[in-house]
Number of protein chains: 2
Amino acid sequence: MSQSLDRALTLVGELATGPKTLEELSGVIDVHKSTALRLLRTLESHRFVQREGVHHYRLGTALFDLANRALEERDVRRSAEAALRELNALTGYTVHLASYEGGEVIYIDKYDSTHPMRMYSRVGRRAPLHCTAVAKVLLSDLPEAKRREVAESMEYPRLTANTITDATAYLAELERVRERGYAMDNSEHEDFIHCIGAPIRGSRGEVVAAVSMSVPKVMLDFEGLLALVPNLLATARAASTECGYSPRD
Amino acid sequence: MSQSLDRALTLVGELATGPKTLEELSGVIDVHKSTALRLLRTLESHRFVQREGVHHYRLGTALFDLANRALEERDVRRSAEAALRELNALTGYTVHLASYEGGEVIYIDKYDSTHPMRMYSRVGRRAPLHCTAVAKVLLSDLPEAKRREVAESMEYPRLTANTITDATAYLAELERVRERGYAMDNSEHEDFIHCIGAPIRGSRGEVVAAVSMSVPKVMLDFEGLLALVPNLLATARAASTECGYSPRD
DNA sequence: AATAGCCGTTGCAAAATATGCAACGTGAGG
DNA sequence: CCTCACGTTGCATATTTTGCAACGGCTATT
């Protein structure tokens, strides 16, 4: 491990909580302010941070470039785009693409609904593990021991009356996802929205991403949503094919 | 300047061009692979990079978090949101918010058109300086010496038949922007789209951001677009007020 | 199935950088 | 105009970073 680098990246993380002065930042990593200044100067030269006025530092514009590049490098985005765009055009509902990376589920693409509606999700953001359809799809494909380990280390904050709130119930739900081949978010994440999700597989059959479709309950009841499962599965199959998956049966 | 940190950030920048092996990365910064490995291990622990299989590194998910936080820290986004959303709802056209940071113009917010249309712009991306309405608004407010310096150091790639392609013409255009109080992109950036932009001012009258509205030529001709200037200026005024600007007259 | 090659990984002595310090400069507020 | 707070600088010292040689693992070829 590199101590200087560790300190500098800690500074960047600290600036994620808002602009800070040199003094504050040197306190965070417990070094002399002249040391902190040198680190900030180097971060600034790479545009990871920038000066805001005379006294404050804040996050810099390189982060936008890098985040965009990080998204574009997720090949499954490109492979899945046509299929997801078509599902969005066909149904008019919000379609998400998410992947499981470093123990988190990240939205890596999103096609907005043509109906006016506000949703929490945003590309680059994490999806809660315990209550979203994409997370259930992704976690259900983990090897059983790993799945159990992850389920037991997760937190289960109740977000709606339907939220799953313990590991045992969650693991049972993941088992149902495995059996059915798709997942449901029965207003577990947001009260007024329900959602279905399905796996996108790679060349060796492994789940490389999840696609989901989210619908406001006022626009479609649960039965109506389930009627769209075949469309979702067809989309997931099409995207899987683009990712090199060929099913054996 | 911190050499280790500089090397590590160079690695991150290199990974913006695609996944790389340890060997490739150590070559980029001209150090022994054990040194590169140590830097990558530290970057990985902060989730700036992640391992992809056994042999490749790629950009990590911390970049999504940081980019999102970097956006949220731009206060003008929040201050301007209501006004920009209203303009978008009223007209149905794409509305952008951009700021001038570190010598670049960055889109920091965007409200998509309700009509189906594809645009280059994306939040977090840079806007070309020579041919977009937001860039003209932002650069026109620079002190004259600085404006001239920037105009003379810029490049002017021709993107359409209408693109401005030299500094002299560009400075004249910025002068017109200053006089009129708003900017126009007369299909200089994209052939089928034209665009108007206006300044959002801060408490001391300085331009802190630019708002723009982009319209396909097939939907509205140039005269029709100019007829929307009063709406745009009203939006810019409302947003400026939220940013602490009070005009003296 | 075994071997070779390639690439990632490790521990440690030597090389090199990072660090803290004291003093200075600047800007803002009283 | 003075004082205080915070950013900035140059340099000797302290500490980390570095490269090296050897090892381990994985994949491909024989």
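## Close-up views of a predicted two-chain model with DNA

**View 1. Chain A as a whole.** Chain A has 10 helices and eight strands, where helices (H or I, at least four residues) and strands (E, at least two) are DSSP runs numbered from the N terminus. This is a predicted model, in which local features need pLDDT of at least 70 and side-chain atom pairs count only at pLDDT 80 or more, while totals for chains, interfaces and linings use all residues. Residues are numbered from 1 along each chain as its sequence is written, and chains are lettered from A and ligands numbered from 1 in the order in which they are written. The C-alpha trace of chain A spans about 65 × 40 × 35 Å along its principal axes, and 43% of its 249 residues count as buried, a term for residues with 20 or more other C-beta atoms within 10 Å of their own (exposed: 12 or fewer; partly exposed: in between; C-beta atoms placed from the backbone). The average pLDDT of chain A, the predictor's confidence in each residue from 0 to 100, is 93, and 99% of the residues score at least 70. The model scores ipTM 0.90 and pTM 0.90.

**View 2. The annotated domain of chain A.** An unreviewed UniProt entry places the feature "domain: HTH iclR-type" at residues 2-61 of chain A; UniProt positions are given in the numbering used here, feature names are shortened, and annotations may be inferred rather than shown by experiment. This span is 55% helix and 13% strand, and its end C-alpha atoms lie 24 Å apart.

**View 3. The surface near DNA strand C.** DNA strand C is surrounded by 20 residues, of which the closest are H32(A), S34(A), T35(A), L22(B) and S34(B); a residue is near a strand if its C-beta atom, placed from the backbone, lies within 6 Å of it. Two or more residues each come from α1 (3-15) and α3 (33-45) of chain A, and from α1 (3-15), α2 (22-28) and α3 (33-45) of chain B. The residues of this surface divide into five nonpolar, 11 polar and four charged, where Ala, Val, Leu, Ile, Met, Phe, Trp, Tyr, Cys and Pro count as nonpolar, Asp, Glu, Lys and Arg as charged, and the others, Gly among them, as polar.

**View 4. The surface near DNA strand D.** Around DNA strand D there are 20 residues, the closest being L22(A), S34(A), H32(B), S34(B) and T35(B). Here α1, α2 (22-28) and α3 of chain A, together with α1 and α3 of chain B, give two or more residues to the surface.

**View 5. Where chain B meets chain A.** In this view, 40 residues of chain B are in contact with 40 residues of chain A, contact meaning that the C-beta atoms of two residues, placed from the backbone, lie within 7 Å. The largest share of the side of chain B that touches chain A, eight residues, comes from α4(B), and the residues of that side divide into 16 nonpolar, 12 polar and 12 charged.

**View 6. The rotation axis between the chains.** Chain B is superposed on chain A, with an RMSD of 0.1 Å, by a rotation of 180 degrees with 0.0 Å of shift along its axis, the fit being by least squares on the C-alpha atoms of residues with pLDDT of at least 70 in both copies. That is the relation of a two-fold axis. Of the residues of chain B, L5(B) comes closest to the rotation axis, at 2.6 Å (C-alpha).

**View 7. The loop at D30(A).** D30(A), in the loop between α2 and α3 of chain A, has a phi near 55 degrees, a positive value in a residue other than glycine. D30(A) counts as exposed because it has 10 C-beta neighbours inside 10 Å.
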